[in-house]
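Trainee: Could you take me through one part of this protein up close? I'd like to hear about the sheet and what sits around it.

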Amino acid sequence: MQHKDPIVEKVYQTYSSLIGEARPVRDPRLAVKVLEDRFKLVVDERVVALAFASFMNGRPVLFEGPPGTGKTEVGEALLELWSGRKPLILPCSENYDEYKVIGDFHPLIAMKRGFNEESFTPRPILAAMILDTGLLVDEVRRSSEEFQNLLLDIADKRRIIVPELKRVFKARGPGFQIIFTSNPEDIAQNDLSDAFLRRVVRIKFTYPPREVEARIIRLRASDAPAIDGNITNLILDVVNELRRTSITHKPGTAEAVLWARMAKSIARLRGNNVVSIEDLADAAYPVLVKRVEDEDTVLRVLREVLGVEAIQH
């Protein structure tokens, strides 16, 4: 597709192949079904309704909770359902500024031909606005307060000003929405400002109830070899016990699923039709131990719950 606007043309050339095109899904009840069938995600209808209602009211959404609780995956999926296009992802960094996320100028071309549309390179936020698709800002606490305010200003006004080009870009439809993710327990990150928290709709993510987590494991580890209810219960016994301990890295649902899938892969490589406790034990250490200081505690819990003395590590 050709566009008369050179900036729009650059955006489509660079990003359009990443986003696809589908019919939006904005009914929360239907979205819950699509999330499970297409994305293999189990999401509370209330979360879907709150996110969509926030979009309808022009408010960005903050998904906040510990690692492994599905914030990023759910955020991506909801933005895709809302706009009908895959969202662009912006993993945050402390050194981000407007030039790295909105657009900058190619130095050699700018020196030769000036700071104009020819030398300008659009970046993800401007691209998402032009493409009318969602933007997932991952781990927003890793960014500065100034950067957070920049993002909120764009979300509020639904426009981006590029002074060097003397141009104002405006959102062309409702597809441009923003979801932030944040882990408030990470002490290495920055605080969110009062201004930021006042202007977002905060949705809290926690570890799911046991029956929901078991359903997620079955859904995301449904391929052969089979994993029976006893093995699933052992996985949940271990991860829930580790969440109650004082270890640095508490396993999320993502680790529970990965542990199940790793055990299934080991069983498959061994020619087993079902996952055994030995398969589960052999996959445990690489998945669950993230820091050296947690090793003794994790090994103790594994031995107590699995009833296996030798854990490979």
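Mentor: Sure, here is a walk through the sheet, then a helix, a loop residue and a pocket. Keep in mind that this is a predicted model. The sheet is an open one made of five strands, and reading across you get β2-β5-β8-β1-β9, with parallel pairing. At its edges sit β2 (88-91) and β9 (201-204), each of which has a partner on one side only. Going from one strand to the next, the twist averages 20°. In general, strands of a sheet pair through backbone hydrogen bonds. Now zoom in on β5, residues 135-138: three bridges join this strand to β8, and the two run parallel. Leu136, for instance, stands opposite Ile179 in β8. Packed on the sheet is helix α8 (residues 145-157), which touches β2, β5 and β8. The direction of α8 makes about 155° with that of β8.

Next, follow the chain into the loop between β8 (178-182) and α9 (194-199), where you'll find Ser193. Ser193 has a relative accessible area of 9%, and because that is under 20%, Ser193 counts as buried. Leaving aside residues up to four places away in sequence, Ser193 touches Glu145, Gln148 and Asn149.

Finally, have a look at the largest pocket, with a volume of about 820 Å³. Its lining has 37 residues, and Thr69, Gly70, Val74, Phe205 and Thr206 lie nearest the centre. The edge strand β9 turns up again here: β9 is among the elements that give two or more residues to this lining, along with α3 (45-56), α4 (71-83), α10 (210-220) and α12 (253-269). Sorted by class, the lining has 18 nonpolar, six polar and 13 charged residues.

Conventions. Residues are numbered from 1 along each chain as its sequence is written. This is a predicted model: local features need pLDDT of at least 70, side-chain atom pairs count only at pLDDT 80 or more; totals for chains, interfaces and linings use all residues. Side-chain values use heavy atoms; hydrogens and water are left out. Helices (H or I, at least four residues) and strands (E, at least two) are DSSP runs, numbered from the N terminus. Buried means under 20% relative accessible area, exposed over 50%, partly exposed in between (1.4 Å probe, protein chains only). Contact means heavy atoms within 4.5 Å. Two strands pair if DSSP finds at least two bridges between them. Axes are lines fitted to C-alpha atoms, for helices over the stretch in contact, and angles run from 0 to 180 degrees between N-to-C directions. On a 1 Å grid over the protein atoms alone, a cavity is a set of points where a 1.4 Å probe fits but cannot get out, and a pocket is an open set with protein on both sides within 12 Å along at least five of seven lines; lining residues have an atom within 4 Å of a point. Grid points are joined across faces, edges and corners, and a volume is the space filled by probe spheres set on the points. Ala, Val, Leu, Ile, Met, Phe, Trp, Tyr, Cys and Pro count as nonpolar, Asp, Glu, Lys and Arg as charged, and the others, Gly among them, as polar.
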